[in-house]
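The exercises below ask where a structure leaves space and what surrounds that space. Work through each task with the coordinates open before reading its solution.

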Amino acid sequence: MEMILMIHSLLRYVILILLVFTIIKAFAGWFGNKEYTASDNKLSLFTFISAHLQLVVGLGVYFMSPVVKAGMSDMAAAMKEPVLRFWTVEHILSMIVAIAIITLGRIMSKKGTTDAAKHRRIAIYYLLALVLIFSAIPWPFSAVARPWF
Ligand code: HEM
């Protein structure tokens, strides 16, 4: 559990960095009227893969986690307790929705008929996912504080 949680914790930075790069490149491509290149596609693919990898690792963590177990043993009580509610419901739900948005963004981008549309869809969907992921990370300065790594 400790090892997998550490991997899960570190993977956040891989995802965040990849997301930021992909989003900047997509906005630059969109507003700069640039071609949607193979490297754009690769970058968005790596971001997509890292998010899905985190989903698999996260599911592993979820079913091993003592705090989730505590929350699930009495869901009604857990819903009234902010920290238990966060770990049992909010974190997993936000992250799964965010990863679904990334997936949708990639599908929509592939369906785009112009290079601008491909860039635009990556830019918007990935930005939305970034905001959601950022807000659901247990940052040390948040109410559900966990260490930086
Ligand atoms: C982009 C997606 C995600 C990011 C960036 C992320 C990030 C994090 C971070 C930073 C922690 C704290 C690690 C620590 O205490 O050292 C954490 C804990 C946790 N995450 Fe995620 N997570 C993501 C997705 C998920 C998903 C999809 C699930 C469930 C399916 C999940 C389940 C958990 C659980 C259960 C814990 C805490 C376990 C415990 O302390 O007992 N995460 N996550």
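A cavity is a set of grid points, laid over the protein atoms alone, where a 1.4 Å probe fits but cannot get out. The model to be examined with this in mind is a predicted one.

**Exercise 1. Find the largest cavity, and state its volume and which residues line the largest cavity.**

Step 1. A search of the whole structure finds one cavity of 30 Å³ or more, and the space in the largest cavity comes to about 60 Å³.

Step 2. The residues that line the largest cavity are Thr22, Lys25, Ala26, Tyr36, Asp40, Leu43, Ser44, His119 and Ile122. By class, four residues of this lining are nonpolar, three are polar and two are charged.

Step 3. Mapped onto secondary structure, the lining of the largest cavity receives at least two residues from each of α1, α2 and α6 (115-135).

**Exercise 2. Describe the largest pocket and state what takes up its space.**

Step 1. The largest pocket has a volume of about 720 Å³, and its space is that taken by the ligand. The elements that give two or more residues to the shell around the ligand are α1 (2-31), α2 (38-64), α3 (66-73) and α5 (82-111).

Step 2. The lining of the largest pocket comprises 31 residues, with Leu5, His8, Val61, Trp87 and His91 nearest its centre. In this lining, 22 residues are nonpolar, six are polar and three are charged, and α1, α2, α3 and α5 each supply at least two of the residues.

**Exercise 3. Characterise the shell around the ligand, and identify which polar side chains approach the nitrogen and oxygen atoms of the ligand.**

Step 1. There are 24 residues around the ligand, of which His8, Ser65, Trp87, His91 and Arg146 come nearest. The shell divides into 16 nonpolar, six polar and two charged residues, and α2 gives the most to it, with six residues.

Step 2. For polar contacts, take pairs of N or O atoms within 3.5 Å. A side-chain N or O atom of His8 is 2.8 Å from a nitrogen atom of the ligand, while for His91 the distance from such a side-chain atom to a ligand nitrogen is 2.9 Å. On the oxygen side, a polar side-chain atom of Arg146 lies 2.7 Å from an oxygen atom of the ligand.

**Exercise 4. Compare the annotated transmembrane regions with the modelled secondary structure.**

Step 1. The unreviewed UniProt entry annotates residues 12-31, 43-64, 84-102 and 123-141 as "transmembrane region".

Step 2. Residues 12-31 are 100% helix, with end C-alpha atoms 28 Å apart; residues 84-102 are likewise 100% helix, with end C-alpha atoms 27 Å apart.

Definitions and conventions. Residues numbered from 1 in each chain as written. Predicted model: local features only at pLDDT ≥ 70, side-chain atom pairs only at ≥ 80, totals over all residues. Heavy atoms only, no water. Near = heavy atom within 4 Å. Polar contact = N/O pair within 3.5 Å; in protein donor to acceptor, adjacent residues only side chain to side chain. 1 Å grid on protein atoms, 1.4 Å probe; cavity = no way out; pocket = protein on both sides within 12 Å on 5 of 7 lines; lining within 4 Å. Sits in = over half its atoms within 2 Å of the grid points. Helix = DSSP H or I, 4+ residues; strand = E, 2+ residues; numbered from the N terminus. Nonpolar A, V, L, I, M, F, W, Y, C, P; charged D, E, K, R; others polar. Points joined across faces, edges and corners; volume = space filled by probe spheres on them. UniProt positions renumbered as here; feature names shortened; annotations may be inferred.
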